[in-house]
Amino acid sequence: MARDDSPKTPKQSTPVMAQFHRLKAEAGEALLFFRMGDFFELFFDDAKVAAACLDIALTKRGEDRGQPVPMCGVPVHAAEAYLARLIKAGHRVAIAEQTESPAEAKRARGSKALVERAIIRVVTPGTLTEESLLDSKAANWLAAIGRAGDDYAIAAADISTGRFELIACDTGGLPAELARLDAAEVIADERIAGIATTQGAGGFDSMEGEAALKRRFGIKDLAGFGSPGRAECVAAGGLLAYLDATQKDATAHLAAPRRIERSGLMAIDPATRTSLELLRGADGSPATSLLANLDRCVTPGGRRLLAEDISAPLARLDPIRARLGLVQYFAEDQLLREDVRTRLKSLPDLARALGRLVAGRGSPRDLAQIRDALAGADDLQAMLAEGGELPDLLASLLPQLTGHDTLVAELDNALVESPPIDASKGGYVAAGYDEELDRLRELASGGRQAIAALEAKYREATGIANLKIKHNNVLGYHIEVPAKSAKPLMAEDSGFTHRQTMANAVRFNSPELHEQATALAEAGDKALALEATHLERLTALVTGQAETIARSADALARIDVGAGQAHRAIEGGWTLPQLADQPCLEIEGGRHPVVEAAVEKEGERFIANDCQLGPNDRLWLITGPNMGGKSTFLRQVALIALMAQAGGYVPASRAKIGLVDRLFSRVGASDNLARGRSTFMVEMVETAAILAQATRNSLVILDEIGRGTSTYDGLAIAWAVTEAMHDDIGARTLFATHYHELTRLAERLDALSLHHVRAKEYKGDLVLLHEVAEGAADKSYGIAVAKLAGMSPKMLARAKDILSRLEAGRNETGGIAAGLDSLPLFAATTPEEEPSDPLVEALADLDPDALTPRDALDALYRLKRLADDR
Ligand SMILES: Nc1ncnc2c1ncn2[C@@H]1O[C@H](COP(=O)(O)OP(=O)(O)OP(=O)(O)O)[C@@H](O)[C@H]1O
């Protein structure tokens, strides 16, 4: 007999396993959390994956179709923490809940009935709303990519706050837009080269998308949304279908879509974002980013908005000036600024509380957060309105902070001061709000008193001093006495009914207790049910005003960013930038905020530098020793332009920024981490992208491009890139290089000028001055930097020897650029300081006629030592 036919290994699954298989088929690739009582269980491969990821025990649960069933589980009350880890590790999780209680199942379908289960939600990285799963400082975008012919578009939603954006772009623009959003999850229904996406849930169709948008927002025509194009409708269709598929019956919170006009924003590609360390430092940590350095916001909403401002600086004068006007208003009035910040600090996260309520996952505490935040917004409005002449942006924000008086009053009357997150135990509706509820609560509390009185009465009647009335989930209320005193109560006519005998105690019931307990439970149940209806009604009241509440949340966030930026500007002694619409860039006393903070922490001073780029001098070629500060200078110029266009003050004593349409920052191969492709290849691809996209109005930072290949190839590429940048593109460009040969380009290219970071040798040691000066560097000081780094004297001596041979060879042949023309190397420059030679200096200092024989011998030893040092 074949093994499968044995009665012990039935081919059919048990009913519960059959139910599991059905739900697992529905969940697809998502891990299935299968609710069984107090646990979410995972089976088969899901169990293996989850056990490994969560570091929990993998067990077995009998057999299914002849095969053992691997299983692991997490307790329901702690599920959120486990979910967080699975989501972080990139998994999606389908939650299958029991949709009826075991008692209901029995009542409906008999004693052996299986409890109904259904997937109530698929938790994915882009569709989170729970506070504990989200980063309060960052938006949480789900992005869907749509395509119609050659046009692409992104539909992006952050359902934790209800933001919804439609962005039209070409394939080339996709990575930049996704990088701006820093999306938690990207879905598509086809593969898109270079972008990691997961499969959506269908709906990627322009007609379907249009219909879904109309249905969702109850409109007849999309003209009100700025008539999104076909690709945008495809993307929106995919996004809405995915939200429906993951949220099931709950509706995700979405405001009307905002079409993002990319021309209104400074374009910044992913490589530039990484290189400028906007949201994460080079070590990947947010703590060392530009954002962390700038962030003085006091609300989570403000922090999220600042991150967006930094990720998407503006490229139009008026809106930038509006933001700057707000910052200036707060910068110039310290008392007002502090008052605003103190008030904001105490406010809850309005946008996210609203997101949870609209998504159907709201709690009584979320309602109280709405109440407190809206009341605070109203007070803030009243205070700010007294301020006389207001900057335009603030004047337009103030009305958005008010208008919720009735709602606030209702929530105020209805809720206790600090209601719980868990609604199941009640206690969140305030006393005095509902007479019926008060009556039921009184009954319940009267019942508890009556039970306490009963306990006293029984003690007295039985003479058992430690008789107790207790409560548990199995027996409900019962009387418990020590085993040794139980005998009289066991008698037929004692008035007590025996329920349970334990090792040390015996439990009883009595008709009186039963009656009181039933009354108590009924009153309690009714009170709970009544509170639940209030919760539902109040939630509906709030979600009915979701749009205006979301607007209040946005206004609070903008005010927080304005005041926070002002605070940071005052702290750092920053300046209000001037914006212009010609391609100029004038920075006096510019600083790199993050490096400055790091340098100051070490007790040193950061050296401020100027930069002047304009039509006649738009390409700076910067040379100088390693560690001299070239990269810092380049990045600080880029950051100042970015911070100004994000609408904030800048770390400089004066700054005039001609609007930058696109910002590029590239770091040479050897400074970059390998990302699968050869680093040199990455560098070339990225440089090609700059040459293809940069315009006259762009700002380009090139840091040692061309270094990752052979010297000749590298120089040739750097040379050609510089020429193309100068002649064809005309973007404002800063190019740091170690190829001193490039400085010869200054002879031919009118708008190119030479600069260097200063250094000098003092008594054989290199001193880095971190000062940017005109002209090219006199030499590269590589060996001196190696000495600073602690390389051994023997190694250094050998390197010096090799260097002098190489240089001799170069002089004979005319150097590596000999073939280009007959100009001598570094012809454009006059070295600022002759390199000093300690041996020559010591010799020059000697006056042989004035020496005693003893001095002469000492001098000889000294000279010998200096010669050895060389
Ligand atoms: N303006 C400045 N004032 C004070 N210290 C500075 C300044 N600029 C840079 N530094 C310090 O010098 C270090 C090196 O700077 P940076 O990386 O910009 O040099 P670099 O010239 O680009 O070097 P490399 O060519 O090796 O990449 C910084 O980490 C910082 O500590």
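**Exercise 1. How many of the 12 residues of helix 10 are buried?**

Solution. The structure is a predicted model, and the first step is to locate helix 10, which runs over residues 300-311. The second step is to count: 11 of its 12 residues are buried, so that the helix is mostly covered. These buried residues include Pro300, Gly301, Arg303, Leu305, Asp309 and Ser311. The third step is to ask what does the covering, and here one finds, among others, helix 5 (174-181), helix 9 (290-294), helix 13 (350-358) and helix 20. As a last step, compare the length with expectation: helix 10 reaches 17 Å from its first C-alpha to its last, close to the 16 Å expected at 1.5 Å a residue.

**Exercise 2. Work out what span helix 11 should have, and find what its buried residues pack against.**

Solution. Begin with the number of residues, which is 15 for helix 11 (residues 317-331). The expected span is 1.5 Å times one less than the number of residues, and therefore helix 11 should span 21 Å, which agrees with the 20 Å between its end C-alpha atoms. Next, list the buried residues of helix 11, which are Ile320, Arg323, Leu324, Leu326, Val327, Tyr329, Phe330 and Ala331. Finally, look for their partners: these buried residues pack against helix 12 (334-345), helix 15 (392-397), helix 20 (546-572), strand 18 (578-580) and helix 22 (630-645).

**Exercise 3. Decide whether Val700 is buried or exposed, and describe its surroundings.**

Solution. First place the residue: Val700 is found in strand 24 (residues 699-703). The cut-off for a buried residue is 20 or more other C-beta atoms within 10 Å, and because Val700 has 28 C-beta neighbours inside 10 Å, Val700 counts as buried. Then look at its contacts, leaving aside residues up to four places away in sequence: Val700 touches Phe664, Ile690, Ala694, Met725, Ala731 and Thr733. A further step compares sequence with space, since Val700 and Arg662 are 38 residues apart in sequence, while their C-alpha atoms are 8.3 Å apart.

**Exercise 4. Describe the "binding site" listed by UniProt and the shell around the ligand.**

Solution. Start from the record: an unreviewed UniProt entry lists Gly624, Pro625, Asn626, Met627, Gly628, Gly629, Lys630 and Ser631 under "binding site". Two of these can be examined in turn. Pro625 is in the loop between strand 21 (619-623) and helix 22, and Pro625 counts as buried because 22 other C-beta atoms lie within 10 Å. Asn626 lies in the loop between strand 21 and helix 22, and Asn626 is also buried, with 20 other C-beta atoms within 10 Å.

Now turn to the ligand, which is surrounded by 13 residues, the closest being Asn626, Gly629, Ser631, Thr632 and His770. Helix 21 (593-601) and helix 22 each supply at least two residues of this shell, and helix 22 gives the most, with 3 residues. Sorted by class, the shell has 6 nonpolar, 6 polar and 1 charged residues.

**Exercise 5. Find how many residues domain 1 and domain 2 each bring to their contact.**

Solution. First fix the bounds: domain 1 covers residues 3-123 and domain 2 covers residues 139-260. The centres of domain 1 and domain 2, taken over C-alpha atoms, are separated by 32 Å. Counting the residues in the contact then gives 4 from domain 1 and 5 from domain 2. On the side of domain 1 that touches domain 2, the residues divide into 3 nonpolar, no polar and 1 charged.

Terms used
Residues numbered from 1 in each chain as written. Predicted model: local features only at pLDDT ≥ 70, side-chain atom pairs only at ≥ 80, totals over all residues. Helix = DSSP H or I, 4+ residues; strand = E, 2+ residues; numbered from the N terminus. Contact = placed C-beta atoms within 7 Å. UniProt positions renumbered as here; feature names shortened; annotations may be inferred. Near = placed C-beta within 6 Å. Nonpolar A, V, L, I, M, F, W, Y, C, P; charged D, E, K, R; others polar. Domains from an automatic or database assignment.
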